[in-house]
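Subject: Handover of a predicted structure

Dear colleague,

Please find below the structure that I am handing over to you, together with its sequence. The findings on helix packing and on internal space follow it.

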Amino acid sequence: MFKLDPIVISGREVLPLVEGGKGINVSNGESSGAWAAAGGVATFSGVNADNYDENGNLIPMVYHTKTRTDRHKELIAFGIKGAIAQARIAHDISGGQGRLHMNVLWEMGGAEEILEGALEGAKGLIHGVTCGAGMPYKVAEIAAKHNVFYYPIVSSARAFRALWKRSYHKHGNLLGGVVYEDPWLAGGHNGLSNSENPEKPEPPYGRVRELRATMRECGVADTVPVFMAGGVWALKEWEEWIGNPELGAIAFQFGTRPLLTQESPISDAWKHRLLTLKSGDVLLHRFSPTGFYSSAVKNAFITELVDRSHRQIAFSSESVGDHVAELPIGARKRIVWVTPHDKEQALAWMAQGFTEALRTPDNTLVFVDAEKAEEIRKDQVDCMGCLSQCVFSNWAQNEAGTTGKKADPRSFCIQKTLQNIGHGGDVENELMFAGHNAFRFGSDPFYAGGFIPTVRQLVERLAIGE
C-alpha cells in the first residue's frame with residue numbers, strides 16, 4: 001500500500017505535497033490557505049495579486065498616470081498591497097497548519113520591491129519564497145534579511161550551480177529546497193534553455209539526479225528537498241523517487257491539479273474546460289513577452305498567435321539580393337523590398353483581410369487585420385511595466401525605460417490577458433496556462449461526472465498516491 005511520510009519543509013514537518021504558485025490571482029489566499037490547512041505546503045502568487053476594500057470588494061487595477069514609468073510605480077504599489085492581503089487570508093484560513101510560501105517571478109516588474117514590501121507587511125505569515133522565471137540571484141539575500149526560507153526554481157543542475165556560486169553560498173542555511181521544474185511538462189513559463197530541444201523532452205529522473213549531485217558538491221544536505229514540479233499527477237507513478245538515496249529528500253509540486261478544486265478562484269467555465277482537454281491540447285510555445293518558453297491550452301487565443309506568426313515574411317529597406325519586389329505598406333504606402341514569392345503571399349493575405357503589415361525586431365512583417373492591429377498598438381501604448389523587460393512593448397526596468405529594440409507585434413500583453421481570464425474572462429480568447437498532463441482530468445475517475453473536489457479532498461487523494 002502506498003505510504004507518504006511527512007518531511008521537514010520551512011522548519012515544520014508537513015506532507016511533501018506542494019501547491020504550485022500560479023500568477024495573478026490563480027493561486028490566492030483562499031486556495032493556498034486551504035492547502036496549508038490540509039497539512040501541505042501552500043503557495044500563493046505574489047505576482048500582481050488581488051487586493052480588496054474594507055467591504056471585501058475587489059479593487060480593480062486602474063492606472064491613473066500617463067507614462068509607463070509612473071504606471072510601473074502604481075503596479076508595484078498594487079502588487080505589495082495585494083500580496084499582503086493574500087498572505088493574511090491564507091494565514092487565517094490555514095489556522096497555523098502546514099506552511100505558507102509566496103511565489104514571485106524574478107522577471108516580473110518590480111520583483112525585488114514587491115518581495116521586500118510583502119515580507120515586511122506580512123511579517124511572520126510567510127514561511128518561504130519560491131522564485132523562478134530568470135536567475136534570481138538576490139532572492140537569497142532578501143529572504144535572509146527577513147529570516148524566511150527561499151526556494152529557487154531551476155530546470156537544470158547548471159542553473160543551480162551558477163546561483164550557488166554567485167549568491168546562495170552566502171545564505172545556505174536558509175535554502176529550504178530547490179524546485180526542479182520540468183521544462184517540457186510544466187505549465188506556465190518554463191526554464192527551457194537554448195541548448196535544449198523543445199521537441200525532444202528528457203526524462204526528469206536523470207536531470208534531478210544530476211541536480212542532487214550538484215547540490216551535494218555545494219555542501220547542501222540531503223535533507224534539503226528537491227521539489228519535483230511539472231508532469232506530476234499521481235504519486236503511485238513516482239514511488240521509485242520516494243526514499244531513493246540517489247535523490248535525497250523529495251517533495252512533489254502540483255500546479256495543474258489544484259486548478260480544479262472548489263476553493264480554486266478560476267471561473268467555472270475554466271474549470272469545465274479543463275475537464276474536456278485531450279492529449280496534445282497544451283502547446284509549448286515562445287509567444288510570451290518574457291521571451292521564455294511557456295505552456296498553455298490551445299484555444300482561440302493561442303491559435304491566433306500561431307496563425308499570426310505564420311503570416312510573416314522577411315523584408316529589406318532597400319533592394320538587395322533576392323529582395324527585388326516592391327511592397328507598399330502602411331497608411332503612407334511606404335515601399336519595402338521583399339522576394340517576388342513573398343510579395344505574392346503578402347498580397348494574398350491582404351486579399352483575405354489581413355491588410356496591416358506590422359514590423360518586427362527581426363526585419364520581418366506580420367500581417368493582421370485592422371482590428372487586431374489597433375488592439376496591438378493600444379496594448380503596447382498602455383504598457384504598465386509588468387515585466388522587468390518586455391518583448392511585446394519594448395519596456396525595460398531601466399533608466400531609459402526601454403529594451404532599445406523595436407516592439408514585437410508577434411507577442412501580446414500578458415498582464416492584460418491574465419487579469420482578464422483570472423477575473424472571469426472568456427476562456428477561449430485569453431491565455432490559459434496549464435501543464436501538459438491537464439488532459440488527465442478527463443480520464444481520471446476521481447473527476448468522473450464532473451466532480452470537483454475540495455482542496456482537502458484533493459490533498460487526501462494525493463497522499464494515498466492517486
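In this predicted model, helix H1 (residues 29–37) and helix H12 (residues 455–463) have axes that come within 9 Å and cross at roughly 45°. Angles from 35 to under 65 degrees fall outside the roughly parallel and roughly perpendicular ranges, so H1 is oblique to H12. The crossing in which H1 passes H12 is right-handed. On the H1 side, the contact is formed by Ser 31, Ala 34, Trp 35 and Ala 37. H12 contributes Val 455, Arg 456, Leu 458, Val 459 and Leu 462. Sorted by class, this contact of H1 with H12 holds 7 nonpolar, 1 polar and 1 charged residues.

H1 also packs against helix H2 (residues 68–94), at an angle of about 35° and with the two axes 7 Å apart. Here, too, H1 passes its partner H2 in a right-handed crossing. The residues of H1 that take part are Gly 29, Glu 30, Ser 32, Gly 33, Ala 34, Ala 36 and Ala 37. They meet Gln 86, Ile 89, Ala 90, Ile 93 and Ser 94 of H2. The class count for the contact of H1 with H2 is 6 nonpolar, 5 polar and 1 charged residues. Ala 34 and Ala 37 of H1 take part in the contact with H12 and also in the contact with H2.

A further pair consists of helix H5 (residues 157–166) and helix H6 (residues 204–217), whose axes come within 8 Å and cross at roughly 20°. Because that angle is under 35 degrees, H5 counts as roughly parallel to H6. H5 passes H6 in a right-handed crossing. Ala 157, Phe 160 and Arg 161 represent H5 in this contact, while Glu 210, Leu 211, Thr 214, Met 215 and Glu 217 represent H6. By class, the contact of H5 with H6 comprises 4 nonpolar, 1 polar and 3 charged residues.

Turning to internal space, the model holds 2 cavities of 30 Å³ or more. The largest cavity encloses about 80 Å³. Its lining consists of Pro 289, Asp 379, Cys 383, Met 384, Cys 386, Leu 387, Cys 390, Phe 392, Ser 393, Phe 412, Cys 413 and Ile 414. In terms of class, the lining of the largest cavity has 10 nonpolar, 1 polar and 1 charged residues.

The second largest cavity contains about 40 Å³ of space. Ala 49, Asp 50, Asn 51, Ile 59, Met 61 and Phe 78 form its lining. That lining divides into 4 nonpolar, 1 polar and 1 charged residues.

As for pockets, the second largest one has a volume of about 580 Å³. It is lined by 22 residues, of which Ser 288, Pro 289, Gly 291, Val 391 and Asp 408 are the closest to its centre. The lining of the second largest pocket comprises 6 nonpolar, 9 polar and 7 charged residues. Pro 289 lines this pocket and also belongs to the lining of the largest cavity.

Yours sincerely

Terms used: Residues numbered from 1 in each chain as written. Predicted model: local features only at pLDDT ≥ 70, side-chain atom pairs only at ≥ 80, totals over all residues. Heavy atoms only, no water. Axes fitted to C-alpha atoms, helices over the stretch in contact; angles between N-to-C directions. Helix = DSSP H or I, 4+ residues; strand = E, 2+ residues; numbered from the N terminus. Parallel < 35°, antiparallel > 145°, perpendicular 65-115°, else oblique. Left-handed = near helix turned anticlockwise from the far one by under 90°. Contact = heavy atoms within 4.5 Å. Nonpolar A, V, L, I, M, F, W, Y, C, P; charged D, E, K, R; others polar. 1 Å grid on protein atoms, 1.4 Å probe; cavity = no way out; pocket = protein on both sides within 12 Å on 5 of 7 lines; lining within 4 Å. Points joined across faces, edges and corners; volume = space filled by probe spheres on them.
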